Amino acid sequence: MQRRHDRNASKNRELFTEQEKSSRINHAKRSVGRHEVQSWTTATKRSLCLMWQKVKVHLSMSFLVTVFWYCRRLYNCLAQLLKWWSSYLQRKFIKNLSVSPEVDLLGYCAREWKGDTKQAKHIREAYEDLFWRYHIKYLQQVKRDNYCVLRAVLFQIFSQGIPLPSWMKERDILKLPEKLLYSQGCNWIQQYSFGPERYTGPNAFGKLRKCMEALKTNWTEISSIKDHEERGNMCNTLFSDESKEHKLYEAIKFIMLYEVVEAYEQMKNREEHIPNLFSLLLARDSSSDPLSFMMNHLNAVGDCGRLEQVEMFLLGYLLEVKIRVYKLHKFNTEEFQVNYPDEYQREWHEISLLTEDDRYYHIPVTRT
């Protein structure tokens, strides 16, 4: 009995031992399985983290490349827009500028005077003579209207910084309209016409005064500028504003009228010697007195007429400048080069014009 009991106990112990071993083995297997799962999970997480980091780097690079591309496109678009706007403003400015920038003299001649006609050959010969003999290398084109000669003369006076004439410094030109109207009783100046405006009426006096103010202010201001480039910029600004420059021309016209009135009164009273140019001007049937001079000549200037040759003498005399004109259609004659006035003071400044037909004028530019 005892032996049987011992055998049973021994068997139970062996069975327990085997169960314990099996349990341990199973536990070990489960531990190994959990470890493998944890390792796989960790490895997966690491792979995903590395992959996400690579994706983030790639996305960041793609984003930066995209942003750079769009910024570059935007920059190019803005550059093109700025270039277009600058060209537009430049074209608009040049279009409005009544005196164009310098162009090559012979190049201009070749463009404008093509063909084999007798006139074209004659004008080309005149341009070549200007280029080689007189060292005139460039040309500034002047707007072709009925203010053309006044524009060409005033532009050069302003761009060269020529000061006011001595007589304008001694007298207040702002009071000339008032003096003509009230002191000399010229009520007919209400019929004065302002070029293309064709304005006449009781307000003519006020408009004339504004024109005189514009002339004196701009002339004084521009002539005081010593820097040539700055003075040139101011001239370009002034001569691209049609309203402002027309006031200058009307002021010059009125000064011409005022001087004719004074010369006419002196001739009637035989007070003193007057320049011969006034005798020539008043000797015309169409301008035998100041009123007819205004009605038949000055009122048309800027509208449907322009200054005639005798009035060019008066213009140079009043502004105290020697106006040298090259008349290309008179090439190889004594009238190829003419001075207005023909009698001038040595201290007067000189300006030059050239014309192809005595109607429109351009500005020659000399280079030695």
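**Close-up 1. Phe331 and Phe336, two buried rings.** In this predicted model, Phe331 and Phe336 are both buried. The structure holds 15 aromatic pairs. Phe331 and Phe336 make an edge-to-face pair, because their ring planes meet at 75°, with the ring centres 5.3 Å apart. Look around these two rings and you will find Tyr134 and Tyr326, which join Phe331 and Phe336 in one aromatic cluster.

**Close-up 2. Lysines over rings.** Here we turn to two places where a charge meets a ring. At Phe131, the charged end of Lys137 sits over the ring, 3.8 Å from the ring centre. At Phe194, the visitor is Lys207: its charged end sits over the ring, and the distance to the ring centre is 5.1 Å.

**Close-up 3. The open sheet and its edges.** Six strands build an open sheet, and following them across gives the order β1-β2-β6-β5-β3-β4, with mixed pairing. Which strands stand at the edges? They are β1 (99–104) and β4 (337–340); each has a single partner strand, so one side of each is left without a neighbour in the sheet. From one strand to the next, the twist averages 30°.

**Close-up 4. Strands β3 and β5 side by side.** Now zoom in on one pair of strands within the sheet. Strand β3 covers residues 321–327 and strand β5 covers residues 349–355; the two run parallel and are joined by 7 bridges. To find one of these links, start at Val321, whose bridge partner in β5 is His349.

**Close-up 5. Helices across the sheet.** Two helices are worth tracing against the strands. Helix α4 (residues 148–159) lies across β1, β2 (136–142), β3, β5 and β6 (361–366), and its direction is at about 145° to β5. Helix α12 lies across β3, β4, β5 and β6, running at about 145° to β3.

**Close-up 6. Glu311, a buried residue in helix α12.** Helix α12 spans residues 309–319, and Glu311 has its place there. Is Glu311 buried or exposed? With a relative accessible area of 2%, Glu311 is buried. The side chain of Glu311 is joined to that of His297 by a polar contact of 3.4 Å. Leaving aside residues up to four places away in sequence, Glu311 touches Met256, Leu281, Arg284, Phe293, His297 and Arg306.

Key:
Residues are numbered from 1 along each chain as its sequence is written. This is a predicted model: local features need pLDDT of at least 70, side-chain atom pairs count only at pLDDT 80 or more; totals for chains, interfaces and linings use all residues. Side-chain values use heavy atoms; hydrogens and water are left out. Rings of Phe, Tyr and Trp (its six-membered ring) pair if their centres lie within 6.5 Å; planes under 30 degrees apart count as stacked, over 60 as edge-to-face and the rest as tilted. Buried means under 20% relative accessible area, exposed over 50%, partly exposed in between (1.4 Å probe, protein chains only). A charge sits over a ring if NZ of Lys or CZ of Arg is within 6 Å of the ring centre and within 35 degrees of the ring normal. Helices (H or I, at least four residues) and strands (E, at least two) are DSSP runs, numbered from the N terminus. A polar contact is a pair of N or O atoms within 3.5 Å; within protein, one must be able to donate a hydrogen and the other to accept it, and residues adjacent in sequence count only if both atoms are side-chain atoms. Contact means heavy atoms within 4.5 Å. Two strands pair if DSSP finds at least two bridges between them. Axes are lines fitted to C-alpha atoms, for helices over the stretch in contact, and angles run from 0 to 180 degrees between N-to-C directions.
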